[in-house]
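Work through the exercises below with the sequence and the structure open. Try each task before reading its solution.

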Amino acid sequence: MSAPFLSVRDLTVAFHGRQGDVEAVRNVSLDLARGEILALVGESGSGKSLTSLSILRLLPEAARMTGRVEIDGQDIASLSRRQMEDVRGAKIGMIFQEPMTSLNPVLTIERQMTEGLIRHKGASRREALEMARISLDDVGFAEPERVLRQYPHQLSGGMRQRVMIAAALALQPGILIADEPTTALDVTVQAQVLDLLVDLKSRYDSGILLITHDIGVVAETADRVAVMRGGEIVETGSVDAVLGAPSHDYTRALLASHLTVEKAMHQRDADARRMAP
Ligand SMILES: Nc1ncnc2c1ncn2[C@@H]1O[C@H](COP(=O)(O)OP(=O)(O)O)[C@@H](O)[C@H]1O
Ligand SMILES: [Mg+2]
């Protein structure tokens, strides 16, 4: 495996509160190489999004961060604002839970996709358009031309999420951060988007930091997993090792609740079949 493209060491994120500082992320360390999927899993409020925002240097003003983040061998703290803007997009792509927060509602998909390519890749307008078309084709759009002419609100949620993935991947970043990329989608579309991420990982050799609260998603897609709780990584390792023989009580509880849900759903399906005429 190649050297880690992303390396995080002793990341701590604190907020100043009335009763002093509150550490929302504590001593988080992780590595991600190209071509692998690392899942960051944990319940809501465990510090997953703050960890990803630290990597992108997009933390809220009030947050104070310590520790070290290296991207492609560069300490991001040493980069100017302008240099950091180039890192975002060109070296690290981002996909968020709700694509509408990242897509501009008043611009066509063509404008949004080509602008990044012109800016980060130095492409001409024509080259950018061709690259955008290819990416949309890669994420499964049968008619990229049509999508390019549309505005975000004219697309379904699943289509918007695929446009986001296409836009991020067109820039061929070393790694992609996907923060709950399927949480807002229907179950069937969720599965499609996850399959797409796994497929694109192998095709472009991108590394993916997949943030999720769903341990089922981890089992299906990730190579390695880091389990977060209360701002800390409590357990990490290969998916097989961690899910196969969890060493931490919290991981066991996450697994148990997932299995309970699975069982309930199977039961419901079985009941529905029995009830069917
Ligand atoms: N702007 C903020 N000000 C104060 N505390 C915050 C802020 N943003 C997040 N936090 C705290 O950090 C915790 C972790 O947040 P977050 O990383 O968004 O969790 P997750 O993505 O795992 O759901 C939250 O539970 C919250 O207490
Ligand atoms: Mg979050």
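**Exercise 1. The nonpolar cores**

Task: In this predicted model, find the largest nonpolar core and state which residues have the most contacts inside it.

Solution.
Step 1. The largest nonpolar core has 48 residues.
Step 2. The residues with the most contacts inside this core are Leu136, Val163, Ile165, Val218 and Val225.
Step 3. Helix α6, residues 157-170, gives the largest share of this core, with 7 residues.
Step 4. Another core lies apart from it and has 29 residues, including Leu30, Leu50, Met84 and Leu209.
Step 5. Now take Val218 from the larger core. Not counting residues up to four places away in sequence, Val218 touches Ala39, Val41, Thr212, Val225 and Val239.

**Exercise 2. The chain as a whole**

Task: Decide how the radius of gyration of the chain compares with the globule rule for 277 residues, and describe the burial and surface of the chain.

Solution.
Step 1. Count the elements: the chain has 10 helices and 10 strands.
Step 2. The radius of gyration is 20 Å, and the globule rule gives 19 Å for 277 residues; the two values are close, so the chain is as compact as a globular protein of that length.
Step 3. Along the principal axes, the C-alpha atoms fill a box of roughly 60 × 55 × 40 Å.
Step 4. Of the 277 residues, 45% are buried.
Step 5. The chain exposes about 14100 Å², and 50% of this area is supplied by carbon and sulfur atoms.
Step 6. Consider contacts between residues at least 6 apart in sequence: 65% of them join residues at least 24 apart.
Step 7. For the charges, compare the mean position of the 31 positive ones with that of the 37 negative ones: the two points are 4 Å apart.

**Exercise 3. Two residues of helix α4**

Task: Are Asp138 and Ala128 buried or exposed, and which residues do Asp138 and Ala128 touch?

Solution.
Step 1. Place both residues. Asp138 is found in helix α4, which covers residues 125-138, and Ala128 lies in helix α4 too.
Step 2. A residue is buried when its relative accessible area is under 20%. Asp138 has a value of 17%, so Asp138 is buried. Ala128 has a value of 0%, so Ala128 is buried.
Step 3. Leave aside neighbours within four places in sequence. Asp138 then touches Leu196, Arg203 and Tyr204, while Ala128 is in contact with Thr114, Leu117, Ile118 and Ala123.
Step 4. Add a distance: Ala128 and Val234 are 106 residues apart in sequence, and their C-alpha atoms are 43 Å apart in space.

**Exercise 4. What covers helix α2**

Task: Which residues of helix α2 are buried, and which elements are among those that cover them?

Solution.
Step 1. Helix α2 spans residues 81-90.
Step 2. Its buried residues are Met84, Val87, Arg88 and Gly89.
Step 3. The cover over these residues includes helices α1 (48-55) and α3 (109-121), together with strands β4 (63-71) and β6 (92-95).
Step 4. Link this to Exercise 1: Met84 is among the residues of the core of 29 residues.

**Exercise 5. Positive phi in loops**

Task: What is the phi of Arg57 and of Asp205, and where do Arg57 and Asp205 lie?

Solution.
Step 1. Phi of Arg57 is near 55 degrees, a positive value in a residue other than glycine. For Asp205, phi is also near 55 degrees, and this residue is not glycine either.
Step 2. Arg57 lies in the loop between α1 and β4. Asp205 is in the loop between α7 (187-204) and β8 (207-212).
Step 3. Partly exposed covers the range between under 20% and over 50%. Arg57 is at 30% relative accessibility, so Arg57 is partly exposed. Asp205 is at 38%, so Asp205 is partly exposed.

**Exercise 6. Two partly exposed residues**

Task: Where are Ala167 and Arg34, and how many Å separate the C-alpha atoms of Ala167 and Leu50 and those of Arg34 and Arg81?

Solution.
Step 1. Ala167 is in helix α6, and Arg34 is in the loop between β2 (20-32) and β3 (37-41).
Step 2. With 26% relative accessibility, Ala167 counts as partly exposed. With 30%, Arg34 counts as partly exposed.
Step 3. Ala167 and Leu50 are 117 residues apart along the chain, and 23 Å separates their C-alpha atoms.
Step 4. Arg34 and Arg81 are 47 residues apart along the chain, with their C-alpha atoms separated by 25 Å.

Key: Residues numbered from 1 in each chain as written. Chains lettered and ligands numbered in written order. Predicted model: local features only at pLDDT ≥ 70, side-chain atom pairs only at ≥ 80, totals over all residues. Heavy atoms only, no water. Helix = DSSP H or I, 4+ residues; strand = E, 2+ residues; numbered from the N terminus. Rg over C-alpha atoms; globule rule 2.2 N^0.38 Å. Buried < 20%, exposed > 50% of the residue type's maximum accessible area, 1.4 Å probe, protein only. Contact = heavy atoms within 4.5 Å. Areas by Shrake-Rupley, 256 points an atom, 1.4 Å probe, with all protein chains shown as cover. Lys, Arg positive; Asp, Glu negative; His and termini not counted. Charge placed at Lys NZ, Arg CZ, Asp CG, Glu CD. Core = buried A, V, L, I, M, F, W, Y, C linked by side-chain atoms within 4.5 Å.
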